[in-house]
Protein chains: 2
Amino acid sequence: MVDEQDKLRATARAEVLKALAHPTRVYIVDLISREGPHCVCELTDRIGADTSTVSRHLSLLKSAGLLFDRKEGTTVYYDLTCDCIADFMSGLESVLRARHKRAQAAFSAAVGKD
Amino acid sequence: MVDEQDKLRATARAEVLKALAHPTRVYIVDLISREGPHCVCELTDRIGADTSTVSRHLSLLKSAGLLFDRKEGTTVYYDLTCDCIADFMSGLESVLRARHKRAQAAFSAAVGKD
DNA sequence: CCATTGTTTGCATAATTTGCCAAGGATGCC
DNA sequence: GGCATCCTTGGCAAATTATGCAAACAATGG
(Lines give C-alpha, C1' and ligand atoms only; values in the text may rest on other atoms or scores of the structure.)
Protein backbone atom coordinates (compact mmCIF):
# COMPACT_ATOMS: atom_id res chain seq x y z
CA MET A 1 0.00 0.00 0.00
CA VAL A 2 2.33 2.65 -1.27
CA ASP A 3 -0.45 5.19 -1.50
CA GLU A 4 -1.68 6.40 1.86
CA GLN A 5 -5.06 7.20 0.41
CA ASP A 6 -5.58 3.65 -0.79
CA LYS A 7 -4.60 2.42 2.60
CA LEU A 8 -7.27 4.48 4.32
CA ARG A 9 -9.90 3.34 1.86
CA ALA A 10 -8.97 -0.28 2.32
CA THR A 11 -9.01 0.08 6.10
CA ALA A 12 -12.46 1.65 6.11
CA ARG A 13 -13.83 -1.17 4.01
CA ALA A 14 -12.14 -3.79 6.10
CA GLU A 15 -13.70 -2.33 9.23
CA VAL A 16 -17.20 -2.90 7.93
CA LEU A 17 -16.31 -6.38 6.71
CA LYS A 18 -14.77 -7.21 10.04
CA ALA A 19 -17.91 -6.14 11.83
CA LEU A 20 -19.85 -8.67 9.79
CA ALA A 21 -17.25 -11.41 9.86
CA HIS A 22 -18.75 -13.54 12.60
CA PRO A 23 -21.48 -16.17 12.40
CA THR A 24 -23.52 -14.61 15.16
CA ARG A 25 -23.35 -11.16 13.65
CA VAL A 26 -24.21 -12.44 10.19
CA TYR A 27 -27.18 -14.20 11.73
CA ILE A 28 -28.31 -11.05 13.51
CA VAL A 29 -28.13 -8.93 10.39
CA ASP A 30 -29.91 -11.56 8.33
CA LEU A 31 -32.65 -11.92 10.89
CA ILE A 32 -33.30 -8.21 11.15
CA SER A 33 -33.05 -7.85 7.42
CA ARG A 34 -35.77 -10.45 6.91
CA GLU A 35 -38.04 -9.83 9.89
CA GLY A 36 -37.43 -6.25 10.89
CA PRO A 37 -36.27 -4.81 14.23
CA HIS A 38 -35.62 -7.13 17.14
CA CYS A 39 -34.97 -6.56 20.81
CA VAL A 40 -31.94 -7.93 22.58
CA CYS A 41 -33.91 -10.47 24.55
CA GLU A 42 -35.40 -12.10 21.47
CA LEU A 43 -32.06 -12.17 19.70
CA THR A 44 -30.55 -13.73 22.79
CA ASP A 45 -33.21 -16.43 22.76
CA ARG A 46 -32.73 -17.27 19.11
CA ILE A 47 -28.97 -17.18 19.23
CA GLY A 48 -28.64 -19.14 22.44
CA ALA A 49 -25.71 -17.24 23.92
CA ASP A 50 -25.21 -15.10 26.98
CA THR A 51 -27.04 -11.78 26.97
CA SER A 52 -23.80 -9.93 27.46
CA THR A 53 -22.29 -11.65 24.46
CA VAL A 54 -25.20 -10.71 22.24
CA SER A 55 -25.14 -7.18 23.55
CA ARG A 56 -21.48 -6.91 22.65
CA HIS A 57 -22.10 -8.14 19.12
CA LEU A 58 -24.87 -5.61 18.78
CA SER A 59 -22.82 -2.72 20.02
CA LEU A 60 -20.07 -3.72 17.65
CA LEU A 61 -22.46 -3.67 14.72
CA LYS A 62 -23.75 -0.35 15.94
CA SER A 63 -20.24 1.08 16.15
CA ALA A 64 -19.63 -0.04 12.60
CA GLY A 65 -22.66 1.99 11.56
CA LEU A 66 -24.70 -1.01 10.47
CA LEU A 67 -27.33 -0.99 13.19
CA PHE A 68 -29.02 1.62 15.31
CA ASP A 69 -31.06 1.18 18.45
CA ARG A 70 -34.29 2.56 19.77
CA LYS A 71 -35.36 2.29 23.37
CA GLU A 72 -38.91 1.54 24.33
CA GLY A 73 -39.36 1.21 28.04
CA THR A 74 -36.68 -1.18 29.18
CA THR A 75 -36.34 -2.99 25.91
CA VAL A 76 -33.99 -1.95 23.15
CA TYR A 77 -34.77 -2.59 19.53
CA TYR A 78 -32.06 -2.84 16.91
CA ASP A 79 -32.60 -2.22 13.21
CA LEU A 80 -30.53 -1.80 10.07
CA THR A 81 -29.36 1.72 9.34
CA CYS A 82 -29.82 1.15 5.64
CA ASP A 83 -31.50 -1.26 3.26
CA CYS A 84 -28.26 -1.32 1.32
CA ILE A 85 -26.92 -3.65 3.99
CA ALA A 86 -29.49 -6.27 3.07
CA ASP A 87 -28.56 -5.77 -0.58
CA PHE A 88 -24.95 -6.20 0.33
CA MET A 89 -25.67 -9.49 2.03
CA SER A 90 -27.54 -10.64 -1.06
CA GLY A 91 -24.39 -9.96 -3.04
CA LEU A 92 -22.58 -12.22 -0.64
CA GLU A 93 -25.09 -14.89 -1.45
CA SER A 94 -24.13 -14.64 -5.12
CA VAL A 95 -20.51 -15.10 -4.23
CA LEU A 96 -21.34 -18.20 -2.24
CA ARG A 97 -23.37 -19.64 -5.08
CA ALA A 98 -20.55 -19.03 -7.53
CA ARG A 99 -18.08 -20.58 -5.14
CA HIS A 100 -20.24 -23.64 -4.74
CA LYS A 101 -20.74 -24.00 -8.46
CA ARG A 102 -17.02 -23.72 -8.99
CA ALA A 103 -16.31 -26.35 -6.38
CA GLN A 104 -18.82 -28.67 -8.03
CA ALA A 105 -17.19 -28.21 -11.42
CA ALA A 106 -13.76 -28.94 -9.99
CA PHE A 107 -15.10 -32.07 -8.36
CA SER A 108 -16.73 -33.30 -11.56
CA ALA A 109 -13.55 -32.67 -13.50
CA ALA A 110 -11.56 -34.64 -10.93
CA VAL A 111 -13.94 -37.58 -11.02
CA GLY A 112 -14.47 -37.58 -14.76
CA LYS A 113 -10.84 -37.42 -15.70
CA ASP A 114 -9.11 -40.44 -17.24
CA MET B 1 -28.87 -20.01 16.63
CA VAL B 2 -31.39 -22.58 17.66
CA ASP B 3 -31.60 -23.96 14.15
CA GLU B 4 -28.51 -25.88 13.11
CA GLN B 5 -29.17 -25.10 9.48
CA ASP B 6 -29.10 -21.36 10.10
CA LYS B 7 -25.89 -21.79 11.99
CA LEU B 8 -24.19 -23.44 9.05
CA ARG B 9 -25.42 -20.79 6.67
CA ALA B 10 -24.19 -18.02 8.90
CA THR B 11 -20.83 -19.69 9.32
CA ALA B 12 -20.34 -20.10 5.58
CA ARG B 13 -21.08 -16.45 5.01
CA ALA B 14 -18.87 -15.37 7.85
CA GLU B 15 -15.98 -17.34 6.37
CA VAL B 16 -16.06 -15.37 3.16
CA LEU B 17 -16.42 -12.11 5.03
CA LYS B 18 -13.51 -13.02 7.27
CA ALA B 19 -11.34 -13.69 4.26
CA LEU B 20 -12.01 -10.16 3.09
CA ALA B 21 -11.85 -8.52 6.49
CA HIS B 22 -8.31 -7.23 6.27
CA PRO B 23 -7.01 -4.00 4.71
CA THR B 24 -4.37 -5.77 2.66
CA ARG B 25 -6.79 -8.35 1.33
CA VAL B 26 -9.38 -5.71 0.51
CA TYR B 27 -6.69 -3.84 -1.34
CA ILE B 28 -5.67 -6.91 -3.31
CA VAL B 29 -9.22 -7.71 -4.34
CA ASP B 30 -9.90 -4.10 -5.30
CA LEU B 31 -6.76 -3.87 -7.33
CA ILE B 32 -7.44 -7.03 -9.27
CA SER B 33 -11.07 -6.07 -9.66
CA ARG B 34 -10.08 -2.75 -11.26
CA GLU B 35 -6.95 -3.67 -13.18
CA GLY B 36 -7.24 -7.37 -13.82
CA PRO B 37 -4.88 -10.19 -12.85
CA HIS B 38 -1.67 -9.42 -10.99
CA CYS B 39 1.40 -11.43 -10.19
CA VAL B 40 2.68 -11.82 -6.65
CA CYS B 41 5.75 -9.70 -7.27
CA GLU B 42 3.74 -6.69 -8.38
CA LEU B 43 1.31 -7.04 -5.52
CA THR B 44 4.22 -7.26 -3.13
CA ASP B 45 5.66 -4.05 -4.56
CA ARG B 46 2.44 -2.12 -4.28
CA ILE B 47 1.57 -3.41 -0.84
CA GLY B 48 5.03 -2.95 0.60
CA ALA B 49 5.11 -6.04 2.80
CA ASP B 50 7.16 -9.21 2.91
CA THR B 51 6.66 -11.64 0.03
CA SER B 52 5.72 -14.40 2.42
CA THR B 53 3.10 -12.18 4.02
CA VAL B 54 1.54 -11.33 0.67
CA SER B 55 1.68 -14.94 -0.38
CA ARG B 56 -0.14 -15.89 2.77
CA HIS B 57 -2.88 -13.36 2.14
CA LEU B 58 -3.24 -14.65 -1.39
CA SER B 59 -3.48 -18.26 -0.40
CA LEU B 60 -6.06 -17.32 2.18
CA LEU B 61 -8.16 -15.58 -0.46
CA LYS B 62 -7.70 -18.59 -2.70
CA SER B 63 -8.79 -20.98 0.03
CA ALA B 64 -11.89 -18.88 0.51
CA GLY B 65 -12.66 -19.38 -3.16
CA LEU B 66 -12.31 -15.73 -4.09
CA LEU B 67 -9.14 -15.92 -6.16
CA PHE B 68 -7.54 -18.47 -8.43
CA ASP B 69 -4.02 -18.57 -9.75
CA ARG B 70 -2.49 -19.26 -13.13
CA LYS B 71 1.17 -19.96 -13.67
CA GLU B 72 3.07 -18.52 -16.56
CA GLY B 73 6.72 -19.39 -16.48
CA THR B 74 7.91 -18.62 -13.00
CA THR B 75 5.35 -15.98 -12.26
CA VAL B 76 1.94 -16.63 -10.77
CA TYR B 77 -1.03 -14.48 -11.66
CA TYR B 78 -4.02 -14.16 -9.38
CA ASP B 79 -7.47 -13.25 -10.58
CA LEU B 80 -11.02 -13.11 -9.24
CA THR B 81 -12.96 -16.35 -9.52
CA CYS B 82 -16.10 -14.41 -10.30
CA ASP B 83 -17.18 -10.91 -11.30
CA CYS B 84 -19.76 -11.14 -8.59
CA ILE B 85 -16.97 -10.42 -6.13
CA ALA B 86 -16.40 -7.02 -7.67
CA ASP B 87 -20.14 -6.44 -7.52
CA PHE B 88 -20.11 -7.43 -3.91
CA MET B 89 -17.41 -4.90 -3.16
CA SER B 90 -19.44 -2.24 -4.94
CA GLY B 91 -22.27 -3.06 -2.56
CA LEU B 92 -19.88 -2.42 0.27
CA GLU B 93 -19.20 0.96 -1.24
CA SER B 94 -22.90 1.78 -0.97
CA VAL B 95 -22.89 0.83 2.66
CA LEU B 96 -19.94 3.10 3.30
CA ARG B 97 -21.60 5.99 1.52
CA ALA B 98 -24.76 5.53 3.56
CA ARG B 99 -22.74 5.35 6.72
CA HIS B 100 -20.92 8.52 5.88
CA LYS B 101 -24.11 10.34 5.03
CA ARG B 102 -25.63 9.22 8.29
CA ALA B 103 -22.62 10.41 10.25
CA GLN B 104 -22.82 13.76 8.52
CA ALA B 105 -26.48 14.11 9.39
CA ALA B 106 -25.81 13.26 13.02
CA PHE B 107 -23.04 15.82 13.12
CA SER B 108 -25.20 18.54 11.61
CA ALA B 109 -27.95 17.78 14.07
CA ALA B 110 -25.51 18.00 16.96
CA VAL B 111 -24.11 21.32 15.80
CA GLY B 112 -27.43 22.83 14.81
CA LYS B 113 -29.24 22.01 18.02
CA ASP B 114 -30.16 24.73 20.49
C1' DC C 1 24.72 -24.26 -12.44
C1' DC C 2 22.45 -20.13 -11.25
C1' DA C 3 18.90 -16.56 -10.94
C1' DT C 4 14.09 -15.54 -10.47
C1' DT C 5 9.56 -16.21 -8.60
C1' DG C 6 6.62 -18.13 -5.19
C1' DT C 7 5.26 -21.28 -1.49
C1' DT C 8 5.75 -23.17 2.94
C1' DT C 9 7.38 -23.85 7.62
C1' DG C 10 8.90 -22.57 12.01
C1' DC C 11 9.19 -19.32 15.35
C1' DA C 12 8.50 -15.26 18.26
C1' DT C 13 5.77 -11.38 19.29
C1' DA C 14 1.96 -8.54 19.35
C1' DA C 15 -2.68 -7.53 18.79
C1' DT C 16 -7.40 -8.86 18.37
C1' DT C 17 -11.37 -11.52 19.32
C1' DT C 18 -14.54 -14.12 21.97
C1' DG C 19 -17.33 -15.45 25.74
C1' DC C 20 -18.72 -15.84 30.35
C1' DC C 21 -19.31 -13.98 35.01
C1' DA C 22 -20.35 -10.43 37.92
C1' DA C 23 -21.50 -5.85 38.80
C1' DG C 24 -23.84 -1.82 37.49
C1' DG C 25 -27.46 1.21 35.36
C1' DA C 26 -32.19 2.25 33.73
C1' DT C 27 -37.01 1.52 33.65
C1' DG C 28 -41.41 -0.02 35.10
C1' DC C 29 -44.54 -2.20 38.44
C1' DC C 30 -46.61 -2.89 42.93
C1' DG D 1 -39.15 1.82 48.83
C1' DG D 2 -38.54 -2.85 47.05
C1' DC D 3 -38.12 -5.69 43.24
C1' DA D 4 -38.00 -7.68 38.71
C1' DT D 5 -36.69 -7.05 33.93
C1' DC D 6 -33.77 -5.65 30.24
C1' DC D 7 -29.44 -4.35 28.80
C1' DT D 8 -24.58 -2.65 29.14
C1' DT D 9 -19.91 -2.75 30.79
C1' DG D 10 -15.58 -4.11 33.12
C1' DG D 11 -12.67 -7.79 34.13
C1' DC D 12 -10.44 -11.79 32.80
C1' DA D 13 -8.85 -16.01 30.56
C1' DA D 14 -8.55 -18.64 26.26
C1' DA D 15 -8.16 -18.86 21.48
C1' DT D 16 -7.21 -16.94 17.16
C1' DT D 17 -4.90 -13.97 13.95
C1' DA D 18 -1.28 -10.98 11.91
C1' DT D 19 3.39 -10.01 10.95
C1' DG D 20 8.14 -10.28 9.95
C1' DC D 21 12.12 -12.84 9.43
C1' DA D 22 14.87 -16.63 8.11
C1' DA D 23 15.39 -20.72 5.85
C1' DA D 24 14.21 -24.49 3.05
C1' DC D 25 11.99 -26.00 -1.05
C1' DA D 26 9.99 -26.16 -5.84
C1' DA D 27 9.52 -24.79 -10.56
C1' DT D 28 11.09 -22.42 -14.50
C1' DG D 29 14.27 -20.35 -17.68
C1' DG D 30 18.69 -18.76 -19.22
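1. A residue counts as buried when its relative accessible area is under 20%. Please keep that cut-off in mind for one residue below, and bear in mind throughout that this is a predicted model.

2. Let us start with B:Ile32, which sits in helix 2 (residues 23-35) of chain B. Its relative accessibility is 3%, so B:Ile32 counts as buried. Leaving aside residues up to four places away in sequence, B:Ile32 touches B:Pro37, B:His38, B:Leu67, B:Tyr78, B:Asp79 and B:Leu80. As for B:Arg70, that residue is 38 residues from B:Ile32 in sequence, and the two C-alpha atoms are 14 Å apart in space.

3. Next, the DNA. Which residues are closest to DNA strand C? They are A:Arg56, B:Cys41, B:Ser55, B:Arg56 and B:Tyr78, out of 22 residues that surround the strand. Of the atoms of DNA strand C that come within 4 Å of the protein, 71% belong to sugar and phosphate. B:Tyr78 is worth a second look, as this residue is also among those that B:Ile32 touches.

4. Both chains take part in the surface near DNA strand C. At least two residues each come from helix 4 (51-63) of chain A and, in chain B, from helix 3 (40-47), helix 4 (51-63) and strand 3 (75-80). By type, this surface holds eleven polar, six charged and five nonpolar residues.

5. Some individual distances to phosphate oxygens of DNA strand C are handy when you look at the model. An N or O atom in the side chain of B:Ser55 is 2.7 Å from one. For B:Cys41, a backbone N or O atom lies 2.9 Å from a phosphate oxygen. On chain A, a polar backbone atom of A:Asp50 is 3.4 Å from a phosphate oxygen.

6. Now to the contact between the two protein chains. How many residues does each chain bring? Chain A gives 44 residues and chain B gives 45 residues. The size of an interface is often expressed as the accessible area lost when the parts come together. Here the buried area is about 3,700 Å², with 67% of it from carbon and sulfur atoms.

7. Five salt bridges are counted between chain A and chain B. One of the salt bridges joins A:Arg9 and B:Glu93, whose closest N and O atoms are 3.9 Å apart. There are also six residue pairs in polar contact between the chains, with both residues at pLDDT 80 or more.

8. Finally, the side of chain A that touches chain B. Helix 1 (4-20), helix 2 (23-35), helix 3 (40-47) and helix 5 (83-112) of chain A each supply at least two residues. Helix 5 of chain A gives the largest share, 13 residues. Sorted by type, this side has 25 nonpolar, eleven charged and eight polar residues.

Methods. Residues are numbered from 1 along each chain as its sequence is written. Chains are lettered from A and ligands numbered from 1 in the order in which they are written. This is a predicted model: local features need pLDDT of at least 70, side-chain atom pairs count only at pLDDT 80 or more; totals for chains, interfaces and linings use all residues. Side-chain values use heavy atoms; hydrogens and water are left out. A residue is near a molecule or strand if one of its heavy atoms lies within 4 Å of it. A polar contact is a pair of N or O atoms within 3.5 Å; within protein, one must be able to donate a hydrogen and the other to accept it, and residues adjacent in sequence count only if both atoms are side-chain atoms. Helices (H or I, at least four residues) and strands (E, at least two) are DSSP runs, numbered from the N terminus. Ala, Val, Leu, Ile, Met, Phe, Trp, Tyr, Cys and Pro count as nonpolar, Asp, Glu, Lys and Arg as charged, and the others, Gly among them, as polar. Contact means heavy atoms within 4.5 Å. Buried area is the accessible area (1.4 Å probe) that two parts lose on being put together, summed over both. A salt bridge is a side-chain nitrogen of Lys or Arg within 4 Å of a carboxyl oxygen of Asp or Glu. Buried means under 20% relative accessible area, exposed over 50%, partly exposed in between (1.4 Å probe, protein chains only).
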